[in-house]
Amino acid sequence: MQIHLSRILQAKKMQQKELAQLTHIRAATINNLYNQTAIKVRLEYLDRICTALDCPIGELLEHESVNLNELLNEKES
């Protein structure tokens, strides 16, 4: 999964701190999404971010095909 928050914020000339204030989401959570290190995220947060940035979820998130067997083997290791 690719998270395009950094690209969108750059295009809108918005800082992570400003997005955190607008959405009432912790700055650390915004930073994890920005740096694509988030493991999970609440759907409510995605909704708040898309609303604040006036973007569809498909612009924020991009699905990447992965081999399910490889993914499962990585988690077992």
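# Exercises on a predicted protein model

At 11% relative accessibility, cysteine 50 is buried (buried means under 20% relative accessible area, exposed over 50%, partly exposed in between, with a 1.4 Å probe and protein chains only). This is a predicted model, in which local features need pLDDT of at least 70 and side-chain atom pairs count only at pLDDT 80 or more, while totals for chains, interfaces and linings use all residues. Residues are numbered from 1 along each chain as its sequence is written, and side-chain values use heavy atoms, with hydrogens and water left out.

## Exercise 1: The cysteines

Find out how many disulfides the structure has, and explain why cysteine 50 is not bonded to cysteine 55.

Solution.
- Start with the criterion: a disulfide is a pair of cysteine sulfur atoms within 2.5 Å.
- Next, take the sulfur of cysteine 50; the closest cysteine sulfur belongs to cysteine 55 and lies 4.2 Å away, which is too far for a bond.
- Then look from the other side: cysteine 55 is in no disulfide either, its nearest cysteine sulfur being that of cysteine 50.
- The search of the whole structure accordingly gives 0 disulfides.
- Finally, check the surroundings of the partner: cysteine 55 has 8% relative accessibility and therefore counts as buried.

## Exercise 2: The overall layout

State the order of the secondary structure elements and describe the protein as a whole.

Solution.
- Count the elements: there are 6 helices and 2 strands (helices are DSSP runs of H or I with at least four residues, strands are runs of E with at least two, and both are numbered from the N terminus).
- Read them from the N terminus: the order is β-α-α-α-α-α-β-α.
- Enclose the C-alpha atoms in a box along the principal axes; the box is roughly 40 × 20 × 20 Å.
- Consider burial: 26% of the 77 residues count as buried.
- Consider the surface: about 5,900 Å² is accessible, and 49% of that belongs to carbon and sulfur atoms (areas come from the Shrake-Rupley method with a 1.4 Å probe; for residues, only the protein chains shown count as cover).
- Consider contacts (heavy atoms within 4.5 Å): among those between residues at least 6 apart in sequence, 62% join residues at least 24 apart.

## Exercise 3: Two helices with a buried face

Which residues of H2 and H3 are buried, and what do they pack against?

Solution.
- Begin with helix H2, where Leu19, Ala20 and Thr23 are buried.
- Seen down the axis of H2, these residues fall within an arc of 100 degrees, so they line one face of the helix (the arc is that of the directions from the helix axis to the C-beta atoms).
- On the face of H2 turned away from the buried side are the exposed residues Lys17 and Gln21.
- The buried residues of H2 pack against H1, H3 and H4.
- Move on to helix H3, residues 27-34, in which Thr29, Ile30 and Leu33 are buried.
- The buried residues of H3 also lie within an arc of 100 degrees when seen down its axis, so they line one face.
- The packing partners of this buried set are S1, H1, H2 and H4.

## Exercise 4: Positive phi angles

Locate residues with a positive phi, including lysine 13 and aspartate 54.

Solution.
- Recall the background: most residues other than glycine have a negative phi.
- Lysine 13 has a phi near 55 degrees and sits in the loop between H1 and H2. Its relative accessible area is 73%, so lysine 13 is exposed.
- Aspartate 54 has a phi near 50 degrees and sits in the loop between H4 and helix H5 (57-60). At 69% relative accessibility, aspartate 54 is exposed.
- Histidine 24, just after H2, has a positive phi of about 60 degrees.
- Glutamine 36, which follows H3, has a positive phi near 55 degrees.

## Exercise 5: Histidine 4 and serine 6

Is histidine 4 buried or exposed, and which residues does histidine 4 touch?

Solution.
- Place histidine 4: the residue is in the loop between strand S1 (2-3) and helix H1 (5-11).
- Its relative accessibility is 17%, so histidine 4 counts as buried.
- Leaving out residues up to four places away in sequence, histidine 4 touches Glu59, Leu60 and Glu62.
- For comparison, take serine 6 in helix H1. Serine 6 has a relative accessible area of 23% and is therefore partly exposed.
- From serine 6 to alanine 27 there are 21 residues in sequence and 14 Å in space, C-alpha to C-alpha.
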